[in-house]
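Work through the exercises below with the sequence and the predicted model at hand. Each task is followed by its solution in steps.

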Amino acid sequence: MSADDKYTKLREKAAQLLSRGHEQLDTLNQENIKNLFEELQIHRIELEIQNEELLRAQNRLEISRMRYVNLFDQAPVGYAVLDSVGMIKQYNSTFLNMIQRKTLKTGGHAFADLLKKNDADAFRARYKAFFKTPGGKQIEARLALPGGHCIDVLIEARHQTSLPEDVETRPIKELMVSITDITDLQHARRQSQKAIQYMREKEIEIHALLAGARSILEQKDFKTTARHIFDICSQTIGSRSGYIALLSDDGLENEVLFLEDGGLPCTVDPDLPMPIRGLRQQAYQSGEVAYDNAFMDSQWTGYLPDGHVTLNNVMFAPLIIDGNVVGVMGLANKPSNFTENDARIAKGFGELAAIALKNARLQDKRDLAEKEKQALIDELTQALENVKQLSGLVPICQHCKKIRDDKGYWNQIEAYLEKHSDAKFSHGICEECAEKYYPDLDLYD
């Protein structure tokens with residue numbers, strides 16, 4: 001109602017009150033009428049002044065109200081006023097823009113109906129407690145948009161009181177709800193969580209590879225090291241069955257080092273030949289990891305002997321030494337499907353197993369060379385023990401040819417040599433001495 005309308009109604013009400021007192025006018029004299037007229041004039045001017053003040057106050061209130069409306073309607077976040085059962089009573093333009101709608105039926109549209117189904121169910125379940133004590137509480141949900149799209153929002157609220165037009169009606173408690181678009185924040189959070197998860201996975205992989213490398217450094221025999229590497233790889237990927245096998249000398253079969261059945265029934269003879277064929281053959285020929293996540297439905301099942309472990313999925317990682325595939329690591333029965341990341345991990349552990357195998361073969365060669373070397377040393381030592389050599393300066397008399405020993409004694413040359421070597425002397429006579437001392441015997445004729 002405008003100020004002019006209110007003023008007109010006041011005049012009409014005053015006229016009605018004045019009409020009731022007409023009978024008193026006849027008793028008034030001229031002076032009384034004049035005084036009354038002056039009072040009425042003064043009162044009229046006062047009313048006009050008061051009316052002007054009221055109009056100015058009303059204008060200020062209208063300006064303030066418009067500022068509030070604009071502040072509410074054009075706020076950077078969405079606002080909605082909900083009643084005790086979650087029905088929308090009021091909303092701002094920002095909220096309409098968020099849900100990409102032109103209007104909403106106030107008082108007949110549930111806020112939960114604007115959410116994705118799972119979030120709507122959760123919001124309805126929590127709303128009673130949320131309405132009772134909204135302070136400090138936050139709800140993250142997804143607003144459903146046309147075309148099946150959605151945005152992530154943060155919902156916060158506080159109580160407010162609605163004053164009805166009927167002054168006799170009690171004030172109504174409502175919930176002023178703010179709806180903030182956090183789609184970008186949620187996207188960044190999800191990306192951060194993915195990055196953290198990725199780093200955790202990489203950390204697990206690195207620790208696993210380091211453990212495999214450590215087993216090579218501590219290697220005593222290849223079979224034990226190969227089993228350790230297999231167990232680490234299987235645990236990292238999540239497979240439950242498998243083996244490591246080496247290529248036979250003729251290149252036609254797998255020679256299994258060990259077989260892990262994962263607790264599944266298996267009645268296959270471990271000495272049964274394992275020809276190079278099927279998916280295993282692909283790994284041998286390509287030198288790359290090969291896997292099949294639907295193995296029991298594949299063509300490869302025709303190669304399985306009776307009593308073999310059930311293989312839901314299978315992966316083969318080659319063991320490569322100097323460019324040649326010398327064996328494979330088989331992994332099977334992962335609860336979920338094998339992935340390309342699993343293939344990359346298995347390839348790394350296959351390389352570790354190949355390094356362990358190469359080290360074992362080099363160690364065997366070193367052990368053989370060491371044995372041959374030791375045998376030669378033993379042979380030479382024995383030979384040296386059987387040969388005594390004279391060395392250094394040996395003092396000998398230039399006339400009688402006696403030799404002086406370390407103690408200063410002169411010894412016959414034969415006695416000295418027998419003492420300092422393994423030589424034994426037998427006596428004879430040379431031609432010159434025979435002619436000189438026994439000319440008559442003709443010993444050398």
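**Charged side chains**

Asp-121 is partly exposed, because its relative accessibility is 36%.

**Exercise 1.** Find which residue meets the side chain of Asp-121 in a salt bridge, and state how far apart the two are in the helix.

Step 1. The partner is Lys-117, with an N to O distance of 3.1 Å. This satisfies the criterion, because a salt bridge requires the nitrogen to be within 4 Å of the carboxyl oxygen.
Step 2. Both residues belong to helix α4 (residues 117-132), where 4 residues, about one helical turn, separate them.
Step 3. Lys-117 counts as exposed, at 61% relative accessibility.
Step 4. The pair is part of a network of salt bridges that links Asp-113, Lys-117, Asp-121 and Arg-124.

**Exercise 2.** Determine which parts of the chain are tied together by the salt bridge of Glu-260 with Arg-227.

Step 1. The closest N and O atoms of Glu-260 and Arg-227 are 2.7 Å apart.
Step 2. Glu-260 is in strand β7 and Arg-227 in helix α6 (residues 222-237), so the salt bridge ties together parts 33 residues apart in sequence.
Step 3. Glu-260 is partly exposed at 24% relative accessibility, and Arg-227 is partly exposed at 26%.

**Exercise 3.** Locate Asp-249 and decide whether it is buried or exposed.

Step 1. Asp-249 sits in the loop between β6 (241-247) and β7 (253-260).
Step 2. Its relative accessible area is 86%, so Asp-249 is exposed.
Step 3. On the surface, Asp-249 joins Asp-250, Glu-253 and Glu-255 in a patch of negative charge.

Conventions. Residues are numbered from 1 along each chain as its sequence is written. This is a predicted model: local features need pLDDT of at least 70, side-chain atom pairs count only at pLDDT 80 or more; totals for chains, interfaces and linings use all residues. Side-chain values use heavy atoms; hydrogens and water are left out. Patches are made of residues with over 30% relative accessible area and no salt bridge: like charges are joined within 9 Å, nonpolar side chains (Val, Leu, Ile, Met, Phe, Trp, Tyr) within 5 Å. Accessible areas come from the Shrake-Rupley method with a 1.4 Å probe; for residues, only the protein chains shown count as cover. Lys and Arg count as positive and Asp and Glu as negative; His and the chain ends are not counted. The place of a charge is taken as NZ of Lys, CZ of Arg, CG of Asp or CD of Glu. Buried means under 20% relative accessible area, exposed over 50%, partly exposed in between (1.4 Å probe, protein chains only).
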